[in-house]
Amino acid sequence: MSSIGWRVHGDGRRIEPGAVVAPDERLSWPRTVGIGLQHVVAMFGATILVPAITGFPASTTLFFSAVGTVLFLVVTGNRLPSYLGSSFAFIAPIFGAMASGGASSAVGGVLVTGVLLAVVGLVVHLAGSRWIDLVMPPVVTGTIVALIGLNLAPVAWGTCQEVVVDGQTLEQCDGVRGAPVTALVTLGAIILSTVLFRGMLGRLAILVGVVVGYVVAWLRGEVDLSQVDEAAWVGLPTFMAPTIDLTVLALFVPVVFVLVAENVGHVKSVSAMTGQDLDPLMGRALMADGMATTLAGVGGGSGTTTYAENIGVMAATKVYSTAAYWVAAGAALVLSMSPKFGALVGSVPVGVLGGAATLLYGMIGILGARIWVQNRVDFSDPVNLTTAAVALIVGIADYTWIAPGGLEFAGIALGTAAALGIYHLMRVVARWRGTTAEAASPASVPGGSELER
């Protein structure tokens, strides 16, 4: 099916045991709308948390998330169900770019990342995906994902700086260090919600924890609602033009590898659940995500990725209809048109963000290890062991190199370069000398999202 349209599954009211609602099918519209709204709830917590952490406008990020989802559905011929939410892989490079060049340079980095991903998608569409497995074997992909998450650890803890107020020197802190009680309550609420609740509420543990933490922060006087009171109920999101800053682009290039792995994993996961061969759509999926991220970069939104939270909704409901995602995109678009909503997200205090980030950044790091486990990476092979060992330390310690001309390469960029360079150099020499066995597992992240559980 290449056009927008769906045939009704059965009587449109029920699903037979063992059956699924295919991407080109739908239930009755009231049921489809209900499932679509579930998808909104599923993506909501993670999608708005990215702008809350980075300082990007929440309404703008949500707007480009909705538009990007529509673009994804159109480019994939309405055959691949997916919601494009905010990618956590962008947080570290956004922080780095904002520190050196401001918000516009960070948005420019998002734009360039999207363009590169779209180019990769075009190559995959024309030449197939086998070359991805050769360039990015699981040991490399897992290492890059892990070092991006672990590199963010100091951000979760927070940094302190001295400020002078009325002649007094005070210490101003962010993250966990800035409000340890609120951060601890938030983190505890997320941890308990994960195992305390079943079904959808359990999948929304991060959102539940943030809400609990927000209430505690409000009771402790840490919430400033002045901007919420002043914001209008209805209005357009705040858009921002990008600036292409060559000094920060190296921070964003490693994100391309993560987005490729996530999209490949998403396609394979949906294929397995629906029993359909969706591999021919892999190139289109990469192009679509790249185009959506590029569009976000043009207007000031955060980069996008396919979301495993929404795969969880599909697995629970057995409804893989793309019609539900059109509903979800429409609902997100409506939410993005409320400046008051954006101001409310912006009022989330640093203690809440620090508590949530402690778990989220760690989850990104562990997902890297998960890629190793699922693809049975053999660490008795010195090529794999050395690749991961060196790259992780470079990324976690945030090694920095200032190249001639003033270009600065930090831990994530250098760690990614180390993973790719060390693996392929050692593999070539090992193949020449016959000292190690080849690794041939596909590079993928089943579920395709930083927040998959």
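A pocket is taken here as an open set of grid points, at which a 1.4 Å probe fits, with protein on both sides within 12 Å along at least five of seven lines. In the predicted model examined here, the largest pocket has a volume of about 450 Å³. Its lining is formed by 21 residues, and those nearest the centre of the pocket are Ala92, Gly96, Leu251, Asp398 and Ala410. By residue type, the lining of this pocket comprises twelve nonpolar, seven polar and two charged residues. Helix 3 (91-101), helix 7 (153-157) and helix 20 (411-433) each contribute at least two residues to the lining, and helix 3 provides the largest share, with six residues.

As for the protein as a whole, 20 helices and eight strands make up its secondary structure. Of the 453 residues in the protein, 55% are buried, while the area that the protein exposes amounts to about 18600 Å², of which 66% is supplied by carbon and sulfur atoms. Among the contacts with a separation of 6 or more, 79% are between residues that lie 24 or more positions apart.

Helix 17, which spans residues 339-346, illustrates burial at the level of a single element, with Lys340, Phe341, Gly342, Ala343 and Val345 as its buried residues. The cover over these buried residues includes helix 1 (29-54) and helix 2 (58-75), together with helix 12 (226-230) and helix 16 (322-336).

Note on methods: Residues are numbered from 1 along each chain as its sequence is written. This is a predicted model: local features need pLDDT of at least 70, side-chain atom pairs count only at pLDDT 80 or more; totals for chains, interfaces and linings use all residues. Side-chain values use heavy atoms; hydrogens and water are left out. Helices (H or I, at least four residues) and strands (E, at least two) are DSSP runs, numbered from the N terminus. Buried means under 20% relative accessible area, exposed over 50%, partly exposed in between (1.4 Å probe, protein chains only). Contact means heavy atoms within 4.5 Å. Accessible areas come from the Shrake-Rupley method with a 1.4 Å probe; for residues, only the protein chains shown count as cover. On a 1 Å grid over the protein atoms alone, a cavity is a set of points where a 1.4 Å probe fits but cannot get out, and a pocket is an open set with protein on both sides within 12 Å along at least five of seven lines; lining residues have an atom within 4 Å of a point. Grid points are joined across faces, edges and corners, and a volume is the space filled by probe spheres set on the points. Ala, Val, Leu, Ile, Met, Phe, Trp, Tyr, Cys and Pro count as nonpolar, Asp, Glu, Lys and Arg as charged, and the others, Gly among them, as polar.
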